[in-house]
Amino acid sequence: MKHKRTMTAVAAAMAGALALTGCTGQSGGGGDTDDSTLTIWHYENEDSAMGKAWAEAIKIFEEENPDVTVDVEKQTFEQIQKNAKIVLTGDDVPDVMEFNKGNATAGQLAAQGLLTPLTDAATERGWDEKLTGSLATTATYDEQGRMGSGEWYGVPNYGEFVGVYYNKDMFAEHGLEVPTNLDELEDVLAAFKKEGITPLAEAGAEYPLGQLWYELVLAYGDRALVDDYQLFANDVDFHNDAMTKATEKLDEWIEKGYIASDSAALTAEDMGVSFIDGTYPLMVSGSWWFGRLATEVEADWGQFNFPGNTLHTGSSGNLWVVPANADSPSLAEEFIDITLRPEVQNVLAAEGGLPVAGDASVIEDERTRELTENFQAILDADGLAFYPDWPVAGYYDVIVSELQSLVNRSKTPDEVLDGLQSSYDEGKADLLDG
Amino acid sequence: MADSTLTERRSRASGGPRAQGGTRRRRPDWVGYLPYLLPGAIAFIVVIGYPLVTNVYFSLFKWRGGMAPLRWNGLGNYADLMGDDKFWTSFGNSLAMIVAMVLVPTLLGLVLAAVLFDYLGRRFGAQVSSVLRATYYLPQILPVAVAGVLWNWILNSQTGALNEILRGMGIASPPNWLGDPTTALPSVMLVLIWVQMGYPVVIFMAALQRVDPELYEAAELDGAGWWDRFRAITVPQIRPETFVVTLTCTVAALKVFGPIYVLTRGGPESSTLVPSYYSYLSFFDKSQVGYGSAIATVLTLVIVVVAVIILGLQNRAERREREGI
């Protein structure tokens, strides 16, 4: 008997271990198996624009569905980002969750069959009319996880974009005006440098330098290049005119000292802090800094779009997605629909959250209105060109590493382009290969 | 196993003296202890055995993870590894990690422990030496994430304490410690030496307490100086501990991850990439699960081989010592 019991124990342990990774071949989509709770995962702070808007959406949902309990579970960005592909294969998944957009993130999950297609809901509820052009690009993914075509897998509520923050006091002190094209921007940079001030706050160890590089690519490039680079419409030769000029321009700025030579290992946080404390007069970075700057910068400051560009680094914000194993997908769709209503969108607008379907004129705060209008201008020109690290998985580290070597003067622009090209081609082949 | 139970029962039922003898022969004393091994064995299977086998299995496929299809790739991932510069860079950096986490701390630790025990301990009392020992051990207690943030503050190129001091001394452009590929690896190594130092010091000081003081007295009477005693008594007496320190630290150096993650994330320009971080990058960031698993498998193999070599050396040294006596 003893032997038998031990055998059972071993067998149970083995079975348990197998169950941990076992296939749960449930199909998503169909009807709700649980219509009494809606489980939401997101990772926005309660006092952020998104946090406030979504609290409003949850309130509306609860009023309209008194029988349904809403269960909000706060996660962290890193937690969801790193664990999603493991967690979502199980049964203990949320009904709706916030997830990062792009080929390497939401696209990966869609390709792995972990998300429910939302195309029917999008047409029935009119999401496809509210979200068009470059906003809808990040909501749809094909079976290989590439954005821009195929089924709807996510719905964005807000947008984000990269622009230029400037210290008005320092501009005034040196008698400088807001530049309206790239040449004028260079004049401003040169003027600061002449006064012994390094003009651009930068960070080589994280995303900022790559975004500045991409802004310059967009300054010289057009939508066709973006489609080739981001959506693989055609092969990209990195030694093309726009990318060569952009990389050489960035190299020239580093050479001339517009970017600090010791910024290779600095983080985005370092960059933000040095702009906030007035060390640098200019910072090219995203709208996600807005709230922080509004509370922490003591000098007078403002924001303008990267001068002269019609295309800008930026995209829809994170997406609401519905996991394939969710047990109440139709409640999830209803919740997503509520987040796009004017009541919720205007909460986003008022808080500087850049709504995709909001109204800038209702905003009272001047800087928030300026930011929202700048974003609306980009949307009106359908000018969102996404982020440089999006096309292939793991490209972020490649861009960081290659541009670090530009800052450290260890590679020429030509060699940097070679490095960017080879990893891009490799990643693209990997992606198309399925 | 079930089979043998049946046989046993049948033989007991027959009750013949020959059968009884047979049972006794088949059940030596240690059989009774086997059930006590079970918890450990189950834990081993669940925590180590099963993941290890799964890892090797995944490494034979091209796989994006999640519910994506697994596509058979045979030894393709391993073949790709052989031609991957970053993979070789990462293992090259492992050698630097061994220098920083094994070689330097062990040598310095040996000298420090001897000085603390032999000189400071005797001169200023045991308390002074235990306070100092605790100070050396402090970095080992600090969570690596905290230590990493701390060192980032010190080594930051623009606002770091170290460069502020250097600029204060009139050096216009101090080194960009973690940002320049030529200084990043040495900077990380220095941090690791700082982290690692306390461990051998504590182990060696404990070992020294085991050494018979009469040996030292006798040597002193014979006119041996400090260095002679260190070489002829201290080093050979604590050889077993030296092997333990070398083994555990080498394994730790080969699989180092935390300090790299918090200090440099393998940068700048991949100059501080190590195998475990490279595996993590492939597995999670690039979603190349098969490739990441292949790196992890190779790393495991390397660690096992290195550990076996060190254990073999230790056995040989012990055998020789026994034969010497």
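A residue counts as buried here if 20 or more other C-beta atoms lie within 10 Å of its own, and as exposed if there are 12 or fewer. With that in hand, welcome to a predicted model. Two parts of chain A are covered below: an open sheet of five strands, and helix H9, residues 182-194.

**The sheet**

- The five strands follow the order E2-E1-E3-E12-E6 in chain A, and their pairing is mixed.
- At the edges sit E2 and E6 (154-156) of chain A, each of which pairs on one side only.
- On average, neighbouring strands of this sheet are turned by 25° against each other, with direction ignored.
- As general background, the strands of a sheet pair through backbone hydrogen bonds, in either a parallel or an antiparallel sense.

**The E1-H2-E2 end**

- Strand E1 (residues 37-42) of chain A pairs with E2(A) in the parallel sense, over six bridges.
- Within this region, His42(A) stands opposite Lys74(A), a residue of E2(A).
- Helix H2 (residues 49-64) of chain A joins E1(A) and E2(A) in a right-handed β-α-β unit.
- How many of the six residues of E2(A) are buried? The count is zero, so to speak a hardly covered strand, spanning residues 69-74.

**A helix across the sheet**

- Helix H4 (residues 103-111) of chain A lies across three strands of chain A: E3 (96-99), E6 and E12 (319-321).
- Relative to E3(A), H4(A) runs at about 145°.

**Helix H9**

- H9(A) has 13 residues and reaches 18 Å from its first C-alpha to its last, close to the 18 Å expected at 1.5 Å a residue.
- Which residues of H9(A) are buried? They are Leu185(A), Val188(A), Leu189(A) and Phe192(A).
- Viewed down the axis of H9(A), these buried residues fall within an arc of 95°, so they line one face of the helix.
- Asp183(A) and Lys194(A), on the other side of H9(A), are exposed.
- Strand E8 (200-201) of chain A is included in what covers the buried residues of H9(A).
- After H9(A) comes Gly196(A), which has a positive phi, near 85°.

Notes:
Residues numbered from 1 in each chain as written. Chains lettered and ligands numbered in written order. Predicted model: local features only at pLDDT ≥ 70, side-chain atom pairs only at ≥ 80, totals over all residues. Helix = DSSP H or I, 4+ residues; strand = E, 2+ residues; numbered from the N terminus. Pairing = 2+ DSSP bridges. Right-handed = clockwise from strand over helix to strand, strands pointing away. Axes fitted to C-alpha atoms, helices over the stretch in contact; angles between N-to-C directions. Contact = placed C-beta atoms within 7 Å. Expected span 1.5 Å × (residues − 1). Arc of directions from axis to C-beta.
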